[in-house]
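User: I am beginning to study protein structures and would like to work through one example. May I put some questions to you about it?

Analyst: Certainly; please show the structure, and we shall take the questions in turn.

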Amino acid sequence: MDVNQTDATGRLTVSEDKRFILRFDTTDEYGTTSTTIKSNDSERIIVIRKGASQTKMEFDDKTPTPFIYHTPMGTLEFMLKTFEISTIIGDEPSLSLTLKYNIYNAGTPVSENSIEITAL
């Protein structure tokens with residue numbers, strides 16, 4: 001199991017119908033990565049990351065979703081199978097988001113993953 005904890009400063013926007021957009025930047029040895037996480041009308045969660053590598057992942061607990069991972073060395077095609085999406089939006093606003101999913105490449109399981117995000 002690989003566990004990473006990151007603290008970042010960003011911006012959380014919540015609409016009246018409880019859809020949200022969370023934006024933040026992180027920096028590591030490869031440079032700065034900008035991340036945008038948003039919900040949409042169909043109850044999907046979309047995560048867009050732009051930096052040394054780029055990807056757009058759509059999490060949907062009803063349907064597996066494909067995504068392409070762009071790296072400086074080329075692109076890789078994957079499939080996401082989401083098992084859990086849990087979103088709690090507080091009044092301040094605040095956000096608690098949990099995503100549990102597996103990643104597949106050419107039908108072969110690559111990894112089991114869990115993301116927990118708290119935005120205050």
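User: How many helices and how many strands does the protein chain have?

Analyst: This is a predicted model. Along the sequence, the pattern of the protein chain reads β-β-β-β-β-β-β-β-β. The count is therefore 0 helices and 9 strands.

User: Which radius of gyration does the protein chain have, and what would a compact globule have?

Analyst: The C-alpha atoms fill a box of roughly 40 × 35 × 25 Å along the principal axes. For 120 residues, a compact globule would have a radius of gyration near 14 Å, and the value for the protein chain agrees with this: 15 Å.

User: What percentage of the residues is buried?

Analyst: A residue counts as buried when its relative accessible area is under 20%. The accessible surface of the protein chain comes to about 8400 Å², and 47% of that surface belongs to carbon and sulfur atoms. Of the 120 residues, the buried share is 29%.

User: Which strand supplies the largest share of the largest nonpolar core?

Analyst: In soluble globular proteins, nonpolar side chains tend to be buried together. The largest nonpolar core here has 21 residues, and those touching the most other members are Phe 20, Leu 22, Ile 37, Ile 45, Phe 59, Leu 95 and Leu 97. At least two residues of this core come from each of several strands, including strand 2 (20–28), strand 7 (74–89) and strand 9 (108–119). The largest share, 5 residues, is supplied by strand 8.

User: Which residues does Leu 97 contact, leaving aside its neighbours within four places in sequence?

Analyst: Leu 97 is among the core residues that touch the most other members. Two more of those residues, Phe 20 and Ile 37, are in contact with Leu 97. With neighbours within four places set aside, the full list is Phe 20, Ile 37, Ile 45, Ser 86, Thr 87, Ile 115, Glu 116 and Ile 117.

User: Is Gln 54 buried, partly exposed or exposed?

Analyst: Gln 54 lies in strand 5. Its relative accessible area is 39%. Buried requires under 20% and exposed over 50%, so a value in between makes a residue partly exposed. Gln 54 is therefore partly exposed.

User: Which residues does Gln 54 touch, not counting those up to four places away in sequence?

Analyst: Separation from Gln 54 can be given both in sequence and in space: Ala 106 is 52 residues away in sequence and 20 Å away, C-alpha to C-alpha. The residues that Gln 54 touches, beyond four places in sequence, are Arg 49, Ile 68, Tyr 69 and His 70.

Conventions. Residues are numbered from 1 along each chain as its sequence is written. This is a predicted model: local features need pLDDT of at least 70, side-chain atom pairs count only at pLDDT 80 or more; totals for chains, interfaces and linings use all residues. Side-chain values use heavy atoms; hydrogens and water are left out. Helices (H or I, at least four residues) and strands (E, at least two) are DSSP runs, numbered from the N terminus. The radius of gyration is taken over C-alpha atoms; the globule rule is 2.2 Å times the number of residues to the power 0.38. Buried means under 20% relative accessible area, exposed over 50%, partly exposed in between (1.4 Å probe, protein chains only). Accessible areas come from the Shrake-Rupley method with a 1.4 Å probe; for residues, only the protein chains shown count as cover. A nonpolar core is a set of buried Ala, Val, Leu, Ile, Met, Phe, Trp, Tyr and Cys residues joined through side-chain atoms within 4.5 Å. Contact means heavy atoms within 4.5 Å.
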